[in-house]
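Visitor: I am new to this structure. Please take one part of the surface and walk me through it closely, then show me what lies elsewhere.

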Amino acid sequence: MKKLIPVYVRVPLIFAIVFGAMEYFIDSGDQPAFIKFPMVGLFLAVFLFLLIAIEIVSSAVDNITYHLLTEEQKKQLDEAQSVSFTESTFYKSILNKLTRTKAIEQEADVMLDHNYDGIRELDNVLPPWWVYLFYGTIIFGAIYLVRFEIMGYNNQDQEYQAEVKQAKIDIAEYMKTAPDMMSKEKVTLLTDASSLAAGKAIYTTNCVACHRPDGGGQIGPNLTDTYWILGGGIKNVFNTIMEGGRDGKGMVSWKASIKPSDIQKVASYVLSMQGTNPKDAKPMEPEAVEWKEETVAASLDTTKVAVK
């Protein structure tokens with residue numbers, strides 16, 4: 001038996017409504033929900049299968065029911081279903097509610113007296129959907145005016161700035177507990193007073209036993225001269241503290257007990273003691289080699305020129 005909406009329209013329409021609702025209510029970021037969440041895709045596939053199965057069963061039941069009717073009942077049913085959708089009472093009632101236009105037979109009731117060269121004008125009302133939409137724009141404008149111009153709510157630019165500010169706060173909070181990503185490749189020399197003070201505190205707690213408070217060296221080497229066993233500069237000093245010194249020579253690895261970002265501060269503080277010349281400093285180690293940042297920079301420049 002005929003349905004008001006054909007099956008080839010009804011099935012895709014129902015599926016599209018369910019699919020759109022799931023995409024709207026499920027937060028899947030920049031990917032469709034059925035791709036990001038396999039269970040959603042599985043549900044949609046099962047739903048589509050059941051939808052088609054229901055239509056097939058429903059059609060089979062309708063056919064069986066139709067064949068069980070008498071000839072007179074079949075004739076009456078066919079006549080009732082021969083009316084098209086646009087001719088149905090349901091369609092006409094909806095159209096009348098949306099337009100409120102007068103039928104041709106009633107045009108005389110809305111005909112204006114104005115006549116120009118045999119042309120008359122009808123005074124039909126505006127379509128209700130248009131009128132309601134117009135009223136809606138007025139209500140929206142009033143709410144917008146009160147909300148943003150009188151009550152002072154944030155506009156789009158202000159909302160964006162507030163969200164950026166909050167994002168920076170959230171990032172700062174996250175960084176307090178985030179994994180420490182400092183490494184030899186990323187490390188840079190710190191020179192600000194707060195970082196050097198923090199480095200000094202860590203140095204005092206962990207390093208003075210071997211290097212003395214003034215860095216002059218005791219069990220460990222002198223840290224205030226320009227001679228280094230494993231290389232000077234922030235990257236080498238950072239790596240030495242992080243990974244430890246030569247095997248069996250006493251300098252242990254501190255990466256298990258000091259965070260990489262704190263090791264950066266200690267290394268920066270150690271380098272800040274260069275040239276302080278403490279009293280009774282330990283003599284230069286035999287394996288030590290003089291380290292000069294200017295020499296390293298010059299050698300790197302020479303290498304670049306040779307490559308070019």
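Guide: Start at Leu126. This is a predicted model. Is Leu126 buried or exposed? Leu126 has a relative accessible area of 51%. The cut-off for exposed is over 50%, so Leu126 counts as exposed. Leu126 sits in a loop. That loop runs between strand S2 (119–122) and helix H6 (128–150).

Leu126 also belongs to a nonpolar surface patch of about 1200 Å². Its partners there are Phe90, Ile94, Leu98, Trp129, Trp130, Tyr132, Leu133, Phe134, Tyr135 and Ile138. Two elements give two or more residues each to this patch: helix H5 (89–99) and helix H6 (128–150). Which of them gives the largest share? H6 does, with seven residues.

Now step back along the chain from Leu126. Strand S2 pairs with strand S1. The pairing is antiparallel and runs over three bridges. One pair to find is Met111 with Leu122, its bridge partner in S2. S1 and S2 form a hairpin with two residues between the strands. In this hairpin Asp117 has a positive phi, near 55 degrees.

How many of the six residues of S1 are buried? The number is zero, so S1 (residues 111–116) lies largely in the open. To count as buried, a residue must be under 20% relative accessible area.

Next, go to Gln274. Gln274 is in the loop between helix H11 (260–272) and strand S4 (289–290). Its relative accessible area is 29%. Partly exposed covers the range between buried, under 20%, and exposed, over 50%, so Gln274 is partly exposed.

What does Gln274 touch, leaving out residues up to four places away in sequence? The contacts are Leu223, Thr224, Asp225, Thr226 and Trp228. With Leu223 there is a specific link: the side chain of Gln274 reaches the backbone oxygen of Leu223 at 2.8 Å. Look at Gly215 as well. Gly215 and Gln274 are 59 residues apart along the chain. Their C-alpha atoms are separated by 9.1 Å.

Finish at Gly41, in helix H3 (residues 38–68). Gly41 has 22% relative accessibility, so Gly41 counts as partly exposed. Its C-alpha atom is 9.7 Å from that of Phe19. In sequence, Gly41 and Phe19 are 22 residues apart.

Definitions and conventions. Residues numbered from 1 in each chain as written. Predicted model: local features only at pLDDT ≥ 70, side-chain atom pairs only at ≥ 80, totals over all residues. Heavy atoms only, no water. Patch = residues over 30% accessible without salt bridge, like charges linked within 9 Å, V, L, I, M, F, W, Y side chains within 5 Å. Areas by Shrake-Rupley, 256 points an atom, 1.4 Å probe, with all protein chains shown as cover. Salt bridge = Lys/Arg side-chain N within 4 Å of Asp/Glu carboxyl O. Helix = DSSP H or I, 4+ residues; strand = E, 2+ residues; numbered from the N terminus. Buried < 20%, exposed > 50% of the residue type's maximum accessible area, 1.4 Å probe, protein only. Contact = heavy atoms within 4.5 Å. Polar contact = N/O pair within 3.5 Å; in protein donor to acceptor, adjacent residues only side chain to side chain. Pairing = 2+ DSSP bridges.
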